[in-house]
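Please work through the following exercises with the sequence and the model open side by side. Each task is followed by a solution that goes step by step.

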Amino acid sequence: ESVSSDIRNMQNRSRNVSVAVSDIGICYEDRIEDVEKVLVPALLDIYARHQDLYIAPPQYMGVEALADSAVVLRVTAKVAEENYFRGYRTLNRELKILFDDNNIGIPFPQITVHKGE
């Protein structure tokens with residue numbers, strides 16, 4: 001019975017849909033509208049190259065946060081549950097390459113220190 005319940009559990013998990021999430025920051029200096037003009041059409045291309053992974057084209061969800069060092073954009077993609085980790089890692093990779101190719105900066109935390117006189 002244990003083997004058959006394990007198989008049934010695996011089959012159920014493979015039917016479940018998960019959402020891979022990529023939160024990626026852009027510099028405050030970059031115009032959101034300009035980034036969206038590059039990002040949104042590229043999602044169809046990402047889907048075309050990874051149809052074995054994504055159930056549907058990744059979706060741009062909008063501005064997730066106005067963080068200390070970045071404007072954080074969220075992109076999601078539906079994947080089979082067993083592809084969750086590969087789904088978000090591939091999405092992160094594809095977005096980094098896209099941003100590099102289009103000179104869209106991904107900032108890193110910076111601290112400005114002021115010395116008293």
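**Exercise 1.** Compare the expected span of helix H3 with the distance between its end C-alpha atoms, and determine which residues of H3 are buried.

*Solution.* Helix H3 covers residues 84–101, where helices are DSSP runs of H or I with at least four residues and strands are runs of E with at least two, numbered from the N terminus. The expected span is 1.5 Å times one less than the number of residues, so the 18 residues of H3 should span 26 Å, and the end C-alpha atoms, 26 Å apart, agree with this. This is a predicted model, in which local features need pLDDT of at least 70 and side-chain atom pairs count only at pLDDT 80 or more, while totals for chains, interfaces and linings use all residues. Residues are numbered from 1 along each chain as its sequence is written, and side-chain values use heavy atoms, with hydrogens and water left out.

The next step is burial (buried is under 20% relative accessible area, exposed over 50%, partly exposed in between, with a 1.4 Å probe and protein chains only). The buried residues of H3 are Gly87, Thr90, Leu91, Glu94, Leu95, Leu98 and Phe99. Seen down the helix axis, they fall within an arc of 165 degrees, taken from the directions from the axis to the C-beta atoms, so they line one face of H3. The face turned away from this buried side carries the exposed residues Arg89 and Arg93.

**Exercise 2.** Identify the elements against which the buried residues of H3 pack, and place Thr76 in this setting.

*Solution.* The buried residues of H3 pack against strand S1 (17–26), helix H2 (32–49) and S3. Thr76 lies in strand S3, residues 71–80, and counts as buried because its relative accessibility is 14%. Leaving out residues up to four places away in sequence, its contacts (heavy atoms within 4.5 Å) include Val19, Val21, Met61 and Leu91.

**Exercise 3.** Describe the salt bridges of Arg31 and the pair formed by Arg49 and Asp45.

*Solution.* A salt bridge here is a side-chain nitrogen of Lys or Arg within 4 Å of a carboxyl oxygen of Asp or Glu, and by this rule the count comes to eight. Arg31 meets Glu33 at 3.6 Å, N to O, and Asp34 at 3.5 Å. Arg31 is partly exposed because its relative accessibility is 49%. Arg49 and Asp45 meet at 2.3 Å, N to O, and both lie in helix H2, four residues apart, about one turn of the helix.
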